Structures are given as structure tokens and as C-alpha cells.
Amino acid sequence: MIKNIYVFGATSKIAEETIKHFAKDKSSFYLVARNSDKLEIVKKDLISRGAVSVHTENCDALEYDKHKSTIENAAQVMGNIDLVYIAHGTLPDNEGIRNNQANLLEEFNINCNSTLSLCSAASDYFEKEGKGTLAVISSVAGERGRQSNFVYGAAKSAVTEYLSGLRNRLYKSGIKVITIKPGMVETPMTADMEKGPLFAKVESVGKTIYTKIKNGNDVVYVPGYWKLIMGIIKSIPESIFKKLNI
Ligand SMILES: NC(=O)c1ccc[n+]([C@@H]2O[C@H](COP(=O)([O-])OP(=O)(O)OC[C@H]3O[C@@H](n4cnc5c(N)ncnc54)[C@H](OP(=O)(O)O)[C@@H]3O)[C@@H](O)[C@H]2O)c1
């Protein structure tokens, strides 16, 4: 039963649209994000939807030294944590950053290293408790490197592989590790992108993620048709793929 929920990147639109369903289930929340004004808005919304309690903490994903303590703080305040949901991220302009070492490394730190650090802290906590669910937003972009976003894709690919190994390691202990792979979703992250038919509404993505977390699925494509699309993309031989303008 998922009652006490820790969210990192709690001001992400996808996260917001996921956790509002848990609020209706009368859950308690420990929300972590870097912007306190936005956190307050999410907090009020969850309370209005039925959340039992909502605590907040400010943390930038790059403040690695705080990762373990935010999880410990949450466990202390709520009594325990049933679900850790990690949702922060940035979508960089690949052309703009690929040859800028500082920006390249910062994007990799936000989209990969900080996530792995938080997963490590969360799984350590869950192992000591002997139970729990870790749900992390990766991306279909991590399935195959493309010229238009291979820095972001490489970071998400590393997250996906890390979670695969962690799931394998924690299987016997009953701790669930859920990899969430959205396709393109209408959120602030994609606000500047031209919207085509494959773009999903964030409300339905959030609802699907909520259901899949409750079901304890391992790997979740949202919307589901991305599993087929990525299966096709991954099956294209490299000799052809390298010539495509994607
Ligand atoms: N939208 C898509 O098409 C799509 C597709 C696949 C995967 N995803 C993934 O889904 C997740 C959620 O994204 P979203 O679409 O909901 O976008 P979003 O609404 O723009 O949310 C991104 C969140 O990441 C936070 N963030 C960025 N850098 C941070 C840092 N250094 N420290 C702490 N928080 C930081 C942002 O905080 P601020 O509010 O303070 O900026 C914001 O809350 C991300 O992991 C993203 O990579 C999105």
C-alpha cells in the first residue's frame, strides 16, 4: 500500500499530474524541488485534493551532499517512505551544448548523475526497511542516440540501465524499481517544440504513471504506443540509422 510519498522534482508537470491522484487516495507527501514558490502551489493543490499532510524541502539536484539527508528527513517526518518518485530533468539544446564542456557536463549531472545519486540513497533506505517502491522518470530518448538529442539521450540511457541493474539486485528483497519512459509530453520542458500527433497530454500521462506505479510494473512506456515505436527504431541497422536526419 502506497501512503507516504517522497518526490524529488515535485514541481515537474508530469510529477504534479501523477501525485494528484495519490492525494485523492489520502496519501502524505514530502516534496523536494528547488523553487519554493512553485512548491507551495503544488502543496496547496495536493491538500485541496485530499492529501493527509504535505511537507516541503528545497534542494537543487546538483546539491549531492543533501540527497541522503532529504530522504532521511522525509522518513523521519512521515514515519516511513513507501514510494520515492524521481522526476526532475532538463531538455538541453543539443547543438548548443555538445561542444561546451561546462554545459555538457552540467546537463549530464542533472539528467543522470544526480538521479543515480538519489536512487542510491533511496535504495539504501528501502533495503534497510526491507520494502518500498522506487519510480524514476527516464525517457524513450535513452533507447537510441540521435543527432538531435544525444546528450540528453545518453544521460537517460544510463539512468535506464542503472535501474535495470538495481531492479535485478533488489528483486529478491521485494523492493520494486519502476522505470518510466515517456515519449513526448506537453509540459514546460517541451513548450518551445512544435507539437505533432505523437505529443501526449500531461494529464493522461500522469494518470497512467499513477496506475502503473500502483500496479508495480517494471518498465512503463507512456503512452504505451512508444514501446512499438522504439522497438522499430531500435531494429534499424546502424548502417542505415547513421544516415537518417533525426
Ligand atoms: N516532457 C517530455 O516530453 C518528457 C519526455 C520524456 C521524459 N521526460 C522527463 O520527465 C521528467 C519531468 O519533466 P516534465 O516534462 O514534467 O518537465 P517540467 O515540467 O519542465 O519539469 C522539470 C522539472 O525538473 C526540475 N529541475 C530542473 N533542473 C533541476 C535541478 N538542477 N534541480 C532540481 N530540479 C530541477 C524543474 O524545476 P524548476 O521548476 O525549478 O525549473 C522542474 O520541476 C524529466 O525527467 C524529463 O526528462 C519528459
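This is a selection-by-selection tour of one structure, from its ligand to its cysteines. The model is predicted.

**Stop 1: the ligand**

Select the ligand and the residues around it. There are 27 of them, and Thr-11, Lys-38, Ala-61, Tyr-152 and Thr-187 come nearest. Now show the polar atoms. Thr-11 puts an N or O atom of its side chain 2.7 Å from an oxygen atom of the ligand. Lys-38 also uses its side chain: a polar atom there lies 2.7 Å from a ligand oxygen. Switch on the backbone for Val-185. A polar backbone atom of Val-185 is 2.8 Å from an oxygen atom of the ligand.

**Stop 2: Tyr-152**

Stay with Tyr-152, one of the residues that come nearest to the ligand. Tyr-152 sits in helix H6. Is Tyr-152 buried or exposed? Its relative accessibility is 9%, so Tyr-152 counts as buried. Add Ser-12 to the selection and draw a C-alpha to C-alpha distance. The pair is 140 residues apart in sequence and 17 Å apart in space.

**Stop 3: the largest pocket**

Turn on a pocket surface. The largest pocket has a volume of about 1,200 Å³. It is lined by 47 residues, and those closest to its centre are Gly-89, Thr-90, Leu-91, Thr-187 and Met-189. Next, colour the elements that each give two or more residues to this lining: helices H1 (13–24), H2 (36–49), H5 (101–129), H6 (150–170) and H8 (225–235), together with strand S2 (28–33). Then recolour by class. What is the make-up of the lining? It has 24 nonpolar, 15 polar and 8 charged residues.

Thr-187 deserves its own label. Thr-187 is among the residues closest to the pocket centre, and it is also among those that come nearest to the ligand.

**Stop 4: inside helix H1**

Select Thr-18, in helix H1. Thr-18 is buried, with a relative accessible area of 0%. Where does its side chain make polar contacts? One partner is the backbone oxygen of Ile-14, 2.7 Å from a polar atom of the Thr-18 side chain. Another is Tyr-85, with a side-chain to side-chain polar contact of 2.9 Å.

**Stop 5: the loop from H1 to S2**

Move to the loop between H1 and S2 and pick Lys-26. Check its backbone torsions. Phi of Lys-26 is near 65°, a positive value in a residue other than glycine.

Ser-27 lies in this loop between H1 and S2 too. Its relative accessible area is 0%, so Ser-27 is buried. Follow its side chain to the backbone oxygen of Phe-22, which Ser-27 reaches at 3.0 Å.

**Stop 6: a cis peptide bond**

Go to the loop between strand S7 (219–222) and H8, where Pro-223 is found. Inspect the bond that leads into this proline. The peptide bond from Val-222 to Pro-223 is cis, with omega near -15°.

**Stop 7: two pairs to join**

Select Ile-175 in the loop between H6 and strand S6 (176–182). With 5% relative accessibility, Ile-175 counts as buried. Add Gly-216. Ile-175 and Gly-216 are 41 residues apart in sequence, and their C-alpha atoms are 9.8 Å apart in space.

Now select Asn-73 in helix H3 (residues 67–78). Asn-73 is partly exposed, at a relative accessible area of 28%. Join Asn-73 to Tyr-30, C-alpha to C-alpha. They are 43 residues apart in sequence and 8.9 Å apart in space.

**Stop 8: the cysteines**

Finish with the cysteine sulfurs. How many disulfides does the structure hold? It holds 0. Cys-59 is in no disulfide, and the nearest cysteine sulfur, that of Cys-119, is 14 Å away. Cys-59 is buried, at 2% relative accessible area.

Then take Cys-112. Why is there no bond from Cys-112 to Cys-119? The sulfur of Cys-119 is the closest cysteine sulfur to that of Cys-112, but the distance is 9.5 Å, too far for a bond. The cut-off for a disulfide is 2.5 Å between sulfur atoms. Cys-112 also counts as buried, at 2% relative accessibility.

How values were computed. Residues numbered from 1 in each chain as written. Predicted model: local features only at pLDDT ≥ 70, side-chain atom pairs only at ≥ 80, totals over all residues. Heavy atoms only, no water. 1 Å grid on protein atoms, 1.4 Å probe; cavity = no way out; pocket = protein on both sides within 12 Å on 5 of 7 lines; lining within 4 Å. Points joined across faces, edges and corners; volume = space filled by probe spheres on them. Helix = DSSP H or I, 4+ residues; strand = E, 2+ residues; numbered from the N terminus. Nonpolar A, V, L, I, M, F, W, Y, C, P; charged D, E, K, R; others polar. Buried < 20%, exposed > 50% of the residue type's maximum accessible area, 1.4 Å probe, protein only. Near = heavy atom within 4 Å. Polar contact = N/O pair within 3.5 Å; in protein donor to acceptor, adjacent residues only side chain to side chain.
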